[in-house]
Amino acid sequence: MPFKSLSEGEILSICGSFAGVCGALSYLLKVEEGKVFSWREFILHILISAVFGLIAYEILCYQQFPPQVAGALCGVAGWGGTRLVRIFEIVVRKKLGVSKEDLK
């Protein structure tokens, strides 16, 4: 069977979906490790991961990575996207001298 070339939109959809699935798996691993499951957090985790995957795809596409490599790296971005946001939050709070308790 001949290989059908995918459009840019199809590749973008696949990469975003793959990142979202990897984000869902990341969240479910946290639940397995003892975190309480929340549908709201689960959906938010998937959406954040998908956005990070799409951002990663655009950067990788700009750098002319092959779609297969870009897709794989989008999955990695989806897996670690929410963790990256958390690390960024901690760094900014430390620079500003604000603790998490101060925000409540």
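Let's start with Cys74: in this predicted model, its relative accessibility is 0%, so Cys74 counts as buried. Which cysteine sulfur is closest to the one in Cys74? That would be the sulfur of Cys15, 4.1 Å away, which is too far for a bond. A disulfide would need the two sulfur atoms within 2.5 Å.

Cys22 tells a similar story. Its closest cysteine sulfur is the one in Cys74, and at 9.6 Å this is too far for a bond. Cys22 has 12% relative accessibility, so Cys22 is buried. How many disulfides does the count come to? Zero.

**Helix 1 against helix 3**

Cys74 is also a handy way into the helix packing. Helix 1 covers residues 8–32, and its axis lies 7 Å from the axis of helix 3, at an angle of about 35 degrees. The two helices make a right-handed crossing. On the helix 1 side, the residues in contact include Cys15, Phe18, Ala19 and Cys22. On the helix 3 side, they include Cys74, Gly75, Gly78 and Trp79. So what kinds of residue make up this contact? There are twelve nonpolar, six polar and two charged residues.

Arg83, a residue of helix 3, takes part in this contact too. Leaving out residues up to four places away in sequence, Arg83 touches Ser26 and Lys30. Both of those partners are listed on the helix 1 side of the contact. Is Arg83 buried, partly exposed or exposed? Its relative accessible area is 32%, so Arg83 is partly exposed. If you look along the chain from Arg83 to Leu73, ten residues apart, you'll find their C-alpha atoms separated by 16 Å.

**Helix 2 against helix 3**

Now turn to helix 2 (residues 39–62) and helix 3 (residues 67–96). Their axes come within 7 Å and cross at roughly 130 degrees, so this pair is oblique. The crossing is right-handed. Helix 2 brings residues such as His45, Phe52, Ala56 and Tyr57 to the contact, while helix 3 brings Leu73, Cys74, Ala77 and Val85, among others. By class, the residues of this contact are eleven nonpolar, six polar and no charged.

Ala56 is a good residue to zoom in on here. It sits in helix 2, and with 15% relative accessibility Ala56 counts as buried. What does Ala56 touch, once neighbours within four places in sequence are set aside? Ala56 is in contact with Cys74 and Ala77, so to speak meeting our opening cysteine again. The C-alpha atoms of Ala56 and Gly75 are 9.3 Å apart, with their positions 19 residues apart along the chain.**Helix 1 against helix 2**

The remaining pairing to visit is helix 1 with helix 2. Their axes are 7 Å apart, and the helices pack at an angle of about 135 degrees. Helix 1 and helix 2 are therefore oblique to each other. Helix 1 passes helix 2 in a right-handed crossing. Sorted by class, this contact has 13 nonpolar, seven polar and four charged residues.

Here are the helix pairs side by side:

| Helix pair | Angle | Axes |
|---|---|---|
| Helix 1 and helix 3 | about 35 degrees | 7 Å apart |
| Helix 2 and helix 3 | roughly 130 degrees | within 7 Å |
| Helix 1 and helix 2 | about 135 degrees | 7 Å apart |

Leu28 belongs to helix 1. What does Leu28 touch, not counting residues up to four places away in sequence? The partners are Phe37 and Phe42. The C-alpha atoms of Leu28 and Phe42 are separated by 8.2 Å, and the two residues are 14 apart along the chain. With a relative accessible area of 39%, Leu28 is partly exposed.

**A loop residue with a positive phi**

Finally, have a look at the loop between helix 2 and helix 3, where you'll find Gln64. Its phi is near 65 degrees, a positive value in a residue other than glycine. Most residues other than glycine have a negative phi. Is Gln64 buried or exposed? Gln64 has a relative accessible area of 69%, so Gln64 is exposed.

How values were computed:
Residues are numbered from 1 along each chain as its sequence is written. This is a predicted model: local features need pLDDT of at least 70, side-chain atom pairs count only at pLDDT 80 or more; totals for chains, interfaces and linings use all residues. Side-chain values use heavy atoms; hydrogens and water are left out. Axes are lines fitted to C-alpha atoms, for helices over the stretch in contact, and angles run from 0 to 180 degrees between N-to-C directions. Helices (H or I, at least four residues) and strands (E, at least two) are DSSP runs, numbered from the N terminus. Angles under 35 degrees count as roughly parallel, over 145 as roughly antiparallel, 65 to 115 as roughly perpendicular and the rest as oblique. A crossing is left-handed if the near helix is turned anticlockwise from the far one by less than a right angle, and right-handed if clockwise. Contact means heavy atoms within 4.5 Å. Ala, Val, Leu, Ile, Met, Phe, Trp, Tyr, Cys and Pro count as nonpolar, Asp, Glu, Lys and Arg as charged, and the others, Gly among them, as polar. Buried means under 20% relative accessible area, exposed over 50%, partly exposed in between (1.4 Å probe, protein chains only).
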